[in-house]
Amino acid sequence: MSTPASAPAPPGLPSPRATARLARRIAEGEPPLGRARRVGRMLRELTATHVDAHCELDFTTPLELAVATILSAQSTDRGVNLVTPALFARYPTALDYAQADRAELEAAVRSTGFFRNKANSLIGLGAAVVERHGGELPSTLEELVELPGIGRKTANVILGNAFGVPGITVDTHFGRLVRRFGWTTEEDPVKVEHAVGPLIPKREWTMTSHRVIFHGRRVCHARKPACGACTLAADCPSFGLGPVDPEKAAALVKGPSRAFLLARAGITEDAAPAPALDDAP
Ligand code: SF4
């Protein structure tokens, strides 16, 4: 593999001593200016690394995104995208979900798991949208979180991607990564959202969420992060949590843009064995 012309030189890997110094500085209370500069560098690197970041659920309307997001709980986006074309054709409006035959709807969403709960949520969502909002999905956080099946995370996904209102989506990837980045130590998703929000320009909240989630799915995995193939390594206090050897780390990098990710990390084809895991995000 050769480095694409559009991929500038990687920032390079830090020494264990430099990472330890950074981790110590963060643990002792990183000065605000230093933190702002470090986060700014990481945001720029995330933007350059995940140029293809986007909402991976297929939808054309706010209601479709709400339905897809409800179905994505405990399921992959890819699995949801397999069932939604037929679902959206069969149930185009909130009223259609409100009046759905429960058994038929359950069968339609069965492959996404927890199908009884999900069918329940969709029928409840349809009824509430019809009764309270005249059949149109509302566009405020306060109204969205009052609807069946829609929590704060889902509401932020809908706001950011269907209504263009900046929102931070704290899913399992986002929470894990921002703690590894040393951006916050909070565990509760709402506290994470409030801690991280001020570090990111508001207009960038939605896209930063996608980029961080992409990084979590493709590079910074829960069990074995690909530290030696990570473009954020120089500013990450958790560098070394996974393999730092570029060859071993390269084998952990996944996804359709794997070649570009490795090139940005300065890893050439000869040093990058085939991925050990499949490409599923
Ligand atoms: S892969 Fe390693 S270096 Fe990169 S963000 Fe995750 S923990 Fe930090």
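## Notebook: a predicted all-helix chain

I started with Q74, which sits in the loop between α3 (62–71) and α4 (77–90). I note for the record that the model is a predicted one. The phi of Q74 is positive, about 60°, and Q74 is not a glycine. Most residues other than glycine have a negative phi, so I checked the surroundings of this loop position. Q74 has 11 C-beta neighbours inside 10 Å and therefore counts as exposed; the cut-off for that class is 12 or fewer.

**Second positive phi.** I then looked up F114, in the loop between α6 (102–109) and α7 (115–133). F114 is not a glycine either, and its phi is positive at about 45°. Is F114 buried or exposed? Neither class applies: F114 has 15 C-beta neighbours inside 10 Å, so I entered it as partly exposed.

**Whole chain.** I counted secondary structure next and found 14 helices and zero strands. Read from the N terminus, the order of elements is α at every position. The box around the C-alpha atoms, taken along the principal axes, is roughly 60 × 40 × 30 Å. How does the radius of gyration stand against that of a compact globule? For 281 residues a compact globule would come near 19 Å, and the chain has 21 Å, so I recorded the two as agreeing. Buried residues account for 42% of the 281 residues. I also looked at contacts between residues at least 6 apart in sequence, and 61% of these join residues at least 24 apart.

**α2 against α12.** I took helix α2 (residues 32–49) and helix α12 (residues 205–218) as a pair and found an angle of about 75°, with the axes 10 Å apart. The range for roughly perpendicular is 65 to 115 degrees, and α2 and α12 are therefore entered as roughly perpendicular to each other. From α2, the residues in this contact are L43, L46 and T47, and from α12 they are T208, R211, V212 and H215. By class I have three nonpolar, three polar and one charged in the contact of α2 with α12.

**α10 against α12.** I turned to helix α10 (residues 172–180), whose axis crosses that of α12 at roughly 85° and comes within 8 Å of it. That angle makes α10 roughly perpendicular to α12. On the α10 side I listed H173, F174, R176, L177 and V178; on the α12 side I listed S209, V212, I213, H215, G216 and R217. The residues of the contact of α10 with α12 split into five nonpolar, four polar and two charged. V212 and H215 appear in the α12 list for α2 and in the α12 list for α10.

**S209.** I followed up one α12 residue from the α10 contact, S209. How many other C-beta atoms lie within 10 Å of S209? There are 28, so S209 is buried. Setting aside neighbours within four places in sequence, I found S209 in contact with G160, I168, T169 and F174. I also took the C-alpha separation of S209 and V170, which is 7.6 Å for residues 39 apart along the chain.

**T19.** Towards the N terminus I looked up T19, in helix α1 (residues 16–27). T19 has 22 other C-beta atoms within 10 Å and so is buried. Which residues does T19 contact, leaving aside its neighbours within four places in sequence? I have P14, P237, F239 and G240. T19 and A234 are 215 residues apart in sequence, and their C-alpha atoms are 7.6 Å apart in space.

**E56.** I placed E56 in the loop between α2 and α3. E56 has 17 C-beta neighbours inside 10 Å, so I logged it as partly exposed. From E56 to T76 I have 20 residues in sequence and 9.6 Å in space, C-alpha to C-alpha.

**Ligand.** Last, I went through the shell of the ligand. I counted 14 residues around the ligand, and the closest are C220, P225, C227, C230 and C236. By class the shell holds 11 nonpolar, two polar and one charged residues. The cysteines in my list of the closest residues count as nonpolar here, as does the proline.

Note on methods: Residues numbered from 1 in each chain as written. Predicted model: local features only at pLDDT ≥ 70, side-chain atom pairs only at ≥ 80, totals over all residues. Axes fitted to C-alpha atoms, helices over the stretch in contact; angles between N-to-C directions. Helix = DSSP H or I, 4+ residues; strand = E, 2+ residues; numbered from the N terminus. Parallel < 35°, antiparallel > 145°, perpendicular 65-115°, else oblique. Contact = placed C-beta atoms within 7 Å. Near = placed C-beta within 6 Å. Rg over C-alpha atoms; globule rule 2.2 N^0.38 Å. Buried ≥ 20, exposed ≤ 12 C-beta atoms within 10 Å, placed from the backbone.
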